[in-house]
Every structure is written in structure tokens, then in C-alpha cells.
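Work through these exercises with the model open. Try each task before you read its solution.

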Amino acid sequence: MDTKRILTGDRPTGKLHIGHYFGSLQNRVKLQQIYETFIEVADVQALTDNFANPEKVKNNVKEIVMDELAVGIDPNKVTFFLQSMIPEIAELTVFYSNLVTIARLERNPTVKTEIAQKREIFGESVTYGFLGYPVSQAADITAFDATLIPVGEDQLPLIEQCREIVRKFNSIYGETLKEPQAYLGENKRIKGLDGNEKMGKSLGNAIYLADNEEEIVKKVMSAITDPNRIKKDDPGNPNICMVAYYHNLFSTKEEIEAICEECKKGKRGCVTCKKQLIKNIVEHLAPIQEKRHYYEERPKLVKEILIEGTVKARKEAKITMEKVKNAMKLDYFKEG
Ligand code: SF4
């Protein structure tokens, strides 16, 4: 195992979907073999835009962990921890908040995009907590000395912001924190069933890892196909069809070639095409759901995994905290 440490995680705001699966979870399963991996269940961050809905955040904590375990994250290799149970992260956030200007946060492209997407929550003025979440993220990363952070391209500005905080901290208080690097890896963004660039619960365009066959049938049957195809024998264009897009994720190379050829020649009906996709999705998700079911029946085990990981993570965070406080001369009661 490489000595580099990875920090990654999810906000517990809903079950994980196939966008997460192809976008990051599959990558995590591979990375756990190479690097020491910490996975944060970011409940504090989830509250930045769900502050009025703590039940939702709480209820999704175990769902997220079960999804991660179901896809093959090995709790013996990976440290799962709950953000709110590591008070050192909140403490670091306060210290780091002196090292970032409001203007810099407002200019962060990732934050700008997210604020625009969350207008219905914030209206015209965003909260201090949400604006500052990149600072809290810098605390997440540095608390555990993580040096490699798997992200999508759209999150690169968050890593850059963290690196700036680390550099500023080290230049003022002395070399203390490690500067992390982004790991772009194979992070893919998967489009929603409606063709939207983003898949998400609020958009109603996602297939969840835990969806049963009935739900999958309903969702795939409503997926957007080539709108110019009226009759079955009209020649189609798979490049503008979401069913073909998902076949690329779930079907074999031979199946995809046949689908595209028959579609273009008007020899394939969209219903047949959708049914084949449903079958492939159901088959692909079956072992994941079987594993999920195992954990669903053992809630105590899921809780133990989270507690054990959180205890381990907290030990690491305490070591960082001591170094940070020493560097900042916040060591009043120290002996000697
Ligand atoms: Fe899409 Fe398949 Fe219909 Fe072609 S036949 S438009 S690929 S659903």
C-alpha cells in the first residue's frame, strides 16, 4: 500500500445513485487497494444547505455507509468516519477562516455555481456557513494529513483553495500542514435520465443503487430517446438518446454495436431497447443490492464500522490539532 493518504466522502442528503457509482465509488474501490483511505460522512457540510432539515441528514448517514459497503468498499481497509464527531475539524475551520477573505470565497467557481443552483434555499443572500464550506473542507483534508483528494474537474477550485490555506498557514506559523493534491483519476460525470448534465435527487432523474426492479422499469421507460423518431422504422440517432447513453454504461460492446446499428437503420423499437437496458441494469445492481441487504439486516454492524472508524480518525485529528495549536502558540496550559 502506498503511504499517501486519500480523503474522500459524501454528504448524507440521500441514497447514492449510479452517477456516484460510475463517477466516484468504482474509483474508490480501486484506490482502497493502493492508498490508505479515509471516507468522511460529511454531515456538518450537509447541514450548510439542509440546516432546517436535520432529520434528513441524520437518516441518510447509515444509507450512505451501506451504499459504500454494498459497492465493495472494504471496512477493513478503509476508515469511515462521521464529520460531526470530530470536533477538531470545527476548531480548524475557525482558525483557517482567518486565512481566507470573503472576496476569495465568493470568487471560488465551485461555490459560485452551487450558490446559483441553491437559490431556492438561500434566496438572494447566502449563509456564512455555506460560503465558508471550502474552509471547512480544508479542515477535513488537513485534519487527517490527507495528501491525495479524488475530485471531478468541477471541484478543482476547492482543492486549490485548500492548498492556498495550507500555504498561508505554513508561511505565518511555520511548516506544519501538508499541501494536498487533487487526484483526477477516472471521475466521470454521469448525465441524468432526462439528459441533464447532472444526476440528482432534486432533479428526479437518478437511478439509485438501492432501486428495485419496479422503480428501474418506471425510470428507464420515461428516459429521453431520440425525439425525431416517431415510428418504429424511423431511422434513429443513438447519439441524442439517453437509453443509448446508459447502454454504454451497462451493456456489452457487442450489444451496444448492435443497438446503434439497428437504431440507425430503423430496425429497433425503443421499447425493446429500453427493456434490454432494464435487464442489464437489474443484473448489474443485483450483487450490489444483495450486499446492501446483508448490511440492512445488520444495522449494529454498520454502526460499529462507523464508530470504530470515527475513533481512529479522531486520534489522527487530535495529533494534527496539537501541531496546529503549538504552531499558533495556543499552548497555554502545556507543561514546562
Ligand atoms: Fe434510443 Fe434505442 Fe430508441 Fe435508438 S432504438 S432511439 S438507441 S431507445
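**Exercise 1. Where is the place of Asp145?**

Solution. This is a predicted model: local features need pLDDT of at least 70, side-chain atom pairs count only at pLDDT 80 or more, and totals for chains, interfaces and linings use all residues. Residues are numbered from 1 along each chain as its sequence is written, and side-chain values use heavy atoms, with hydrogens and water left out.

Step 1. Find helix H9 (133-143) and strand S4 (148-150); Asp145 is in the loop between them. Helices (H or I, at least four residues) and strands (E, at least two) are DSSP runs, numbered from the N terminus.

Step 2. Check the backbone. Phi of Asp145 is near 55°, a positive value. Most residues other than glycine have a negative phi.

Step 3. Go to Lys329. Its phi is positive too, near 65°. Lys329 lies in the segment after helix H15 (299-327).

**Exercise 2. Describe the largest cavity.**

Solution. Step 1. Fix the term. On a 1 Å grid over the protein atoms alone, a cavity is a set of points where a 1.4 Å probe fits but cannot get out. Lining residues have an atom within 4 Å of a point.

Step 2. Count and size. The structure holds one cavity of 30 Å³ or more. The largest cavity encloses about 90 Å³. Here a volume is the space filled by probe spheres set on the points, which are joined across faces, edges and corners.

Step 3. List the lining. It has 13 residues; Arg229, Cys241, Cys263, Cys270 and Cys273 lie nearest the centre. H12, helix H13 (253-264) and H14 each supply at least two lining residues.

**Exercise 3. Which residues are around the ligand?**

Solution. Step 1. Place the ligand. It sits in the largest cavity: more than half of its atoms lie within 2 Å of the grid points.

Step 2. Name the shell (a heavy atom within 4 Å). The residues are Thr225, Asp226, Arg229, Cys241, Val243, Ala244, Cys263, Arg268, Cys270 and Cys273. Helix H12 (242-250) and helix H14 (270-296) are the elements that give two or more of them.

Step 3. Sort by class. The shell has six nonpolar, one polar and three charged residues. Ala, Val, Leu, Ile, Met, Phe, Trp, Tyr, Cys and Pro count as nonpolar, Asp, Glu, Lys and Arg as charged, and the others, Gly among them, as polar.

**Exercise 4. How many residues of domain 1 are in contact with domain 2?**

Solution. Step 1. Take the bounds from the automatic or database domain assignment: domain 1 (5-190 + 298-327) and domain 2 (211-292).

Step 2. Count contacts (heavy atoms within 4.5 Å). 13 residues of domain 1 touch nine of domain 2.

How values were computed: 1 Å grid on protein atoms, 1.4 Å probe; cavity = no way out; pocket = protein on both sides within 12 Å on 5 of 7 lines; lining within 4 Å.
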